[in-house]
Amino acid sequence: MDIEPGEMTVGQLAERSGVAISALHFYERQNLIVSRRTSGNQRRYKRDTLRRVAMIRIAQRVGIPLAEVAAILRLLPDNRTPTRQDWEYISQCWQAELDRRIVHLEQLRDDFKDCVGCGCLSLDRCGLANPYDVLATKGPGPQRLVDSAGEPCHPAGCR
């Protein structure tokens, strides 16, 4: 079978990770994961590929583009199994982006139902929250939902 200790076939990786074989092949074409090829041209994956696949799936679930996932994964070592410290570093790299996404999600959950916050007067309530469209003088976009730098914030905490 040409499999070394600590390696998995693509089928084993798919079963263990819960990801379709076709998705694993796609991840490999995108350089998100790597395999070695046997003399019969079959893929073999190191067990630490499971962690990479898990991280890819989690990132996709929260909407992080695969290009950003690939950039982060390039920070991991190629020739050794990543350590806990390697994974902690990766986590720290995403901290600010994840915090920003959390704010966006909280806005969607808490604020969007009452007002889009843009000053467009497209909702009946906007005339009450933004009389005479005064927010238009501050520029385009959801002025009640971003700070002066254009970063998301809760309406009570903006400006």
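Let's start with how α1 and α2 sit against each other. In this predicted model, the two helices are roughly perpendicular. Helix α1 covers residues 10–17 and helix α2 covers residues 21–29. Their axes come within 9 Å and cross at roughly 105°. Roughly perpendicular spans 65 to 115 degrees, so the label fits this pair.

Who meets whom? On the α1 side, the residues are Val10, Gly11, Leu13, Ala14 and Ser17. On the α2 side, they are Ile21, Leu24 and His25. By character, this contact has five nonpolar residues, three polar ones and no charged ones.

Stay with α1. Which of its residues are buried? Val10, Leu13, Ala14 and Ser17. Look down the helix axis, and these fall within an arc of 100°, so they line one face of α1. That buried set packs against β1, which is residues 7–9, and against α2, β3 and α3. Now turn the helix around. The face away from the buried side carries Glu15 and Arg16, both exposed. Just past the end of α1 comes Gly18, with a positive phi of about 80°.

Let me step back to the whole chain. There are six helices and three strands. From the N terminus, the order is β-α-α-β-β-α-α-α-α. The chain has 159 residues, and 33% of them are buried. On contacts, take those with a separation of 6 or more. Pairs 24 or more positions apart account for 51% of them.

Next, Arg43. This residue lies in strand β3, residues 43–46. Its side chain makes a polar contact of 2.9 Å with the side chain of Glu28. Another polar contact, of 3.1 Å, joins the side chains of Arg43 and His25. Remember His25: that residue is also part of the α1 and α2 contact. What else does Arg43 touch? Leave out residues up to four places away in sequence, and the list is Met8, Thr9, Val10, His25, Glu28, Ser35, Arg36 and Arg37. Val10 is on that list, and Val10 is one of the buried residues of α1.

Two loop residues deserve a look at their backbone. What is phi at Asn31? Near 60°, a positive value in a residue other than glycine. Asn31 sits in the loop between α2 and β2, the latter being residues 36–37. Its relative accessibility is 60%, so Asn31 counts as exposed. The other one is Asn41. Here phi is near 65°, again positive and again not a glycine. Asn41 is in the loop between β2 and β3. Buried or exposed? Asn41 is exposed, with a relative accessible area of 52%. The cut-off for exposed is over 50%.

Last stop, helix α4, residues 66–73. Its buried residues are Val69, Ala70, Ile72 and Leu73. Seen down the axis of α4, they fall within an arc of 165°, so they line one face of the helix. What do they pack against? Two helices: α3, residues 49–61, and α5, residues 84–110. Helix α3 came up before, as one of the elements that the buried residues of α1 pack against.

To wrap up: α1 and α2 are roughly perpendicular. The buried residues of α1 line one face. Arg43 reaches both His25 and Glu28 through side-chain polar contacts. And α4 packs its buried residues against α3 and α5.

Terms used: Residues numbered from 1 in each chain as written. Predicted model: local features only at pLDDT ≥ 70, side-chain atom pairs only at ≥ 80, totals over all residues. Heavy atoms only, no water. Helix = DSSP H or I, 4+ residues; strand = E, 2+ residues; numbered from the N terminus. Polar contact = N/O pair within 3.5 Å; in protein donor to acceptor, adjacent residues only side chain to side chain. Contact = heavy atoms within 4.5 Å. Buried < 20%, exposed > 50% of the residue type's maximum accessible area, 1.4 Å probe, protein only. Arc of directions from axis to C-beta. Axes fitted to C-alpha atoms, helices over the stretch in contact; angles between N-to-C directions. Parallel < 35°, antiparallel > 145°, perpendicular 65-115°, else oblique. Nonpolar A, V, L, I, M, F, W, Y, C, P; charged D, E, K, R; others polar.
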